[in-house]
Amino acid sequence: MNKQTLSFQAEVKQILHLVTHSLYSNKEIFLRELISNASDACDKLRFEALNNSALYEDAPNLEVRVSFDAEAKTITIEDNGIGLSLEEAVANLGTIAKSGTREFMAALEGDQKKDAQLIGQFGVGFYSGFIVADRITVESRRAGMTAAEGARWTSEGAGDFEVETVTRAARGTSVTLHLREGEEEFLSGWKLKSIVGKYSDHISLPILMRKEEWDAEAQKQVTRDEWAPVNKAAALWARNKSEITPEQYTELYKQLSYDSEAPLAYTHNRVEGRTEYTQLLYIPAKAPFDLWNRDKRGGVKLYVKRVFIMDDAEALMPVYLRFVKGVIDSADLPLNVSRELLQESRDVKAIREGSTKRVLSMLEGLADNEDAAERAKYAAFWKDFGAVLKEGVGEDHANQERLAKLLRFASTQADEGVSLTDYVARMKEGQEAIYYITADSLAAAKSSPQLEIFRKKGIEVLLLVDRVDEWMLAHMYEFGGKPLQSVAKGSVDLGRLQDEAEKKRADEAAESFKPVLQRLKETLTGRVKDVRVTTRLVDSPACLVVEEGDMSGHLARLLKQAGQTAPSAQPILEVNAEHALVKRLDGSAHFDDLAHILLDQAVLAEGGHLDDPAAYVRRVNSLLVG
């Protein structure tokens, strides 16, 4: 076949322009990406060879070789993996058949243009070679093809690339980078070895480089023809914990997650028993941009006997722990396991349960730590991931009690960080329930009139303002034997916390106020289910509550915002018989207007929206000028 010159796909042109014209602070990631690609190629060969061992040809030992030529100013990364046919070279190196490419370019053009982590994140690692090279030559032969069916791909990273058929005896791929001016620092065995040790030490394949020795006569380093491994050729997670430094754990996390920050916490364990596996799991320090996408696959990679099987194995971790990154390496699963088999495997269920418990133990270790710095880490975690963790209360019944202890809320005594354990420990003598209120915001919750009697009595109330809270509460009814009770549902029964004199005054007020209550019910027919005298108000004239079992106004608003229809349930208007505005009702010529104003104010006080704001304004204005 004659040499062909082809044009890059339009998006590749843009990527190459951005890569070659952006000043990266971390240029050395090109070697990480190309070694990672070489390792993947070997993994693919190993996988395909499960059904066709002839693909190994006469080279069953898979490896990656890194070499350099100081005179020619080239670096070569070579593997004996699956290789590429000519058609695959054109398809894989000249086009990008991957979603997310436009997002990659947008991110690279924006404020993060110096963040080289983006290259790996969007799967365009090969093009990172153009950070340091002005020309790249790729020679390859696919396993199973003849030596005459080799392929050569060459490009200067501009608009075009050339492909031609060549004779290549060796299976696999070699990528040769022709370095641009000013990048000579990478033409050093010491430099390349340090980069391999930093980024690729965990790769289970041997990464080989030629040995270098000091020549005393020539007074310089001399390269020998003998090749030697420069990585430990063992997956990091397969090594003994005592051999691994915190820096190595952090570096692997950054490779797995494409995060530039160190993880908040990690756990590394070998589990033995009916199911044998190794787990290395990380909790990120910051929430990713797609945290709220519940359809996003998980962040755990699956290996079987150190052979990479799949990214994002969602069956290994529940959805509410989708932020967890890491590796699980099983000794029992078959190498040809599929996503469908993962869903059904009993071994996978055991791994999932064990890994879930391990993550929760890691979080408990932070939350309950005697060290204030560790507890501060958990507070930071909760701020970013707490709302997602709450999903587990309804989804993971087996671990609900453990999750409940990890929950943190604001309350009338603290703006954040209140655990249910702390709340129960602070409960007043005679208090029989854990009181809470749900609202759209912390400010709305704090100013809710339903809290007035609780403030007067010094009773702590939890303030729940996350959108997921109402859903969570539908699955959690008690904690530590204490029922959870909304202060905005049903009548207030403070039991032993309310003295007999207060109960007597409330009963007398309700009796003497009956005529006014009856008239209020008639005036507000169609808008409220009932009107009654309350004991929960101290300073406000009225508030809205719902019956036990009915949907709260807050949840109804959330459903409406989501475009869903909420079941129609009218609220109950509770009035404070001691308030001057309520006392004014009796005998007032403006009774109907005052009644509707009381109700509208109660709706606004709980964060609701008026169906007819203009009518409210008209009534208030008529009273002001009257």
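This text goes through two backbone angles and several salt bridges in a predicted model.

The backbone comes first. Most residues other than glycine have a negative phi. Glu 57 departs from that pattern, since its phi is positive, near 50°, and the residue is not a glycine. To find Glu 57, look in the loop that runs between helix H2 (29–48) and strand S2 (64–69). Its relative accessibility is 34%, so Glu 57 counts as partly exposed.

Lys 73 is another non-glycine residue with a positive phi, here about 60°. Lys 73 sits in the loop between S2 and strand S3 (74–79). Strand S2 therefore follows the loop that holds Glu 57 and precedes the loop that holds Lys 73, by the numbering of helices and strands from the N terminus. The relative accessible area of Lys 73 is 19%, and because buried means under 20%, Lys 73 is classed as buried.

The charged side chains come next. Side chains of opposite charge can pair when their charged atoms come close. In this model the count of salt bridges is 34.

One of them joins Glu 391 to Arg 322, with an N to O distance of 3.0 Å. Glu 391 belongs to helix H11 (residues 391–395), while Arg 322 is in the loop between strand S13 (307–310) and strand S14 (325–330), so this pair ties together parts that are 69 residues apart in sequence. Glu 391 and Arg 322 are both buried.

A salt bridge is also formed by Arg 426 and Glu 460, whose closest N and O atoms are 2.7 Å apart. Arg 426 is part of helix H13 (residues 420–426), and Glu 460 lies in the loop between helix H15 (452–457) and strand S17 (462–464); the pair therefore ties together parts that are 34 residues apart in sequence. The two partners fall into separate accessibility classes: Arg 426, at 40% relative accessibility, is partly exposed, whereas Glu 460, with a relative accessible area of 4%, is buried.

Lys 514 and Glu 511 make a further salt bridge, and here the closest N and O atoms are 3.6 Å apart. With a relative accessible area of 49%, Lys 514 is partly exposed, because the exposed class starts over 50%.

Salt bridges can also be followed through a group of residues in this model: Arg 527, Asp 593, Asp 600 and Arg 619 are linked in a network. Two arginines and two aspartates can thus be viewed together at this site.

Notes
Residues are numbered from 1 along each chain as its sequence is written. This is a predicted model: local features need pLDDT of at least 70, side-chain atom pairs count only at pLDDT 80 or more; totals for chains, interfaces and linings use all residues. Side-chain values use heavy atoms; hydrogens and water are left out. Helices (H or I, at least four residues) and strands (E, at least two) are DSSP runs, numbered from the N terminus. Buried means under 20% relative accessible area, exposed over 50%, partly exposed in between (1.4 Å probe, protein chains only). A salt bridge is a side-chain nitrogen of Lys or Arg within 4 Å of a carboxyl oxygen of Asp or Glu.
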